[in-house]
Amino acid sequence: MSATSWDVHRLPRAEHRNFLVTGANAGIGYFVAEQLASTGATVLLGSRNTAKAEAAMGTIRSRVPGARLRHVPLDLGDRASIEASITTLGVTALDAIVCNAGVLLEQPERQVTGEGNELMFATNHLGHFALVGLLTPLLEAAEAGRVVTTGSLVAGSAKFDPADPQSTRDYQSKRAYARSKLAQMLFGFELDRRLRAAGSTTLSTVTHPGGALDSLTPARPPVHEPTTGQRLRGLPAALMLHGKQAAAQAAVRATLDPAVRGGQLWAPRWFGLRGNPRQLPVRGTFADHALADRLWTLSAELTGIDVFG
Ligand SMILES: NC(=O)c1ccc[n+]([C@@H]2O[C@H](COP(=O)([O-])OP(=O)(O)OC[C@H]3O[C@@H](n4cnc5c(N)ncnc54)[C@H](OP(=O)(O)O)[C@@H]3O)[C@@H](O)[C@H]2O)c1
């Protein structure tokens, strides 16, 4: 399939390939896992909650008979859990990791992980930075590994301050979230530059899902069971936004489409908010190589992991 003829409803077969999806027990990550499982691939669901992961796997199996699925216990806010997850993957090569898990805190107080890092920066960015670093040998063992990083439209207007990366001053939860998503996107682009410089066969791409609402998302009991009232209240938003099944399609395309190249950005077609995935230009802060380099150094210091340093 060419870059222009991608059909989100007719995915290429991917038997004998292994994909890890973080945060696959709910939301967009669930639908990424469901869609990837429909290709015949083995999908590893990286999730910190065993009961939710089991429920997600049961629901996928009810829709994709014979789906090859496995739960990989993974808490991205906990360094020990990230290290342990590598030993439970049970694969000798990894064709892609979809870095989807994410947290957006609502409370006004700044939260930290057990390691003392700001919780959203730690979970969304540092956790994936460490995971990808530790998984590099498995990605390199695949024919053409891929790292697919999930950013956000809000990252485009975020300001990342290397002097205060963890929002210790004047903390605001939405701003800290946007910074964490910008950090992820800068990482995804910088990773591809470092992979190219190292002559690697692995690619790194960045996607964002647009605006995805639970109320516009098709039911997947018991994983997602919207009430009629919720669905009706969500309807007016369908003009601008979409559901999480559709939001998953950018990451699925970035994982599977042979026409996708490293360093690219893929997002929904209409205003970056809804619709089928298309490639967007990488510009503004996203193209700031110096900032990405500083963030990389900082992330390597904070995690103690630096594969392409
Ligand atoms: N929805 C949108 O409109 C939107 C827009 C832009 C970007 N995004 C990004 O898209 C991704 C998915 O969003 P969503 O709307 O699907 O969110 P969601 O429904 O809240 O799902 C988030 C997933 O991340 C997992 N997660 C959170 N913290 C984790 C941790 N410490 N370790 C492992 N997994 C963890 C959650 O697991 P638990 O069930 O255990 O909490 C859940 O599976 C996120 O990266 C988000 O930033 C979403």
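A polar contact is a pair of N or O atoms within 3.5 Å. The model used in these exercises is predicted.

**Exercise 1.** Find which atom of Lys244 pairs with the ligand, and decide whether the pair counts as a polar contact.

*Solution.* The pair consists of an N or O atom in the side chain of Lys244 and an oxygen atom of the ligand, 2.8 Å apart. The cut-off is 3.5 Å, so a pair at 2.8 Å counts as a polar contact.

Next come the backbone atoms. For Asn100, a polar backbone atom is 2.7 Å from an oxygen atom of the ligand. For Gly23, a backbone N or O atom lies 3.2 Å from a ligand oxygen atom. Of the 890 Å² of accessible area that the ligand has on its own, the protein covers 83%.

**Exercise 2.** Describe the surroundings of the ligand: how many residues surround it, and which helices supply at least two of them each?

*Solution.* Start with the count: 25 residues surround the ligand. The closest are Ile28, Arg48, Lys52, Asn100 and Tyr177. Then assign helices: H1 (27–37) and H5 each supply at least two residues of this shell. Finally, place the ligand: the space it takes is the largest pocket.

**Exercise 3.** Locate Arg194 in the fold and classify it as buried or exposed.

*Solution.* Arg194 belongs to helix H5, which spans residues 173–197. Its relative accessibility is 13%. Buried means under 20%, and therefore Arg194 is buried. Last, list its contacts, leaving aside neighbours within four places in sequence: Arg194 touches Asp293, Trp296, Phe308 and Gly309.

Notes
Residues are numbered from 1 along each chain as its sequence is written. This is a predicted model: local features need pLDDT of at least 70, side-chain atom pairs count only at pLDDT 80 or more; totals for chains, interfaces and linings use all residues. Side-chain values use heavy atoms; hydrogens and water are left out. Helices (H or I, at least four residues) and strands (E, at least two) are DSSP runs, numbered from the N terminus. Buried means under 20% relative accessible area, exposed over 50%, partly exposed in between (1.4 Å probe, protein chains only). Contact means heavy atoms within 4.5 Å. A residue is near a molecule or strand if one of its heavy atoms lies within 4 Å of it. A polar contact is a pair of N or O atoms within 3.5 Å; within protein, one must be able to donate a hydrogen and the other to accept it, and residues adjacent in sequence count only if both atoms are side-chain atoms. Accessible areas come from the Shrake-Rupley method with a 1.4 Å probe; for residues, only the protein chains shown count as cover. On a 1 Å grid over the protein atoms alone, a cavity is a set of points where a 1.4 Å probe fits but cannot get out, and a pocket is an open set with protein on both sides within 12 Å along at least five of seven lines; lining residues have an atom within 4 Å of a point. A molecule sits in a cavity or pocket if more than half of its atoms lie within 2 Å of its grid points.
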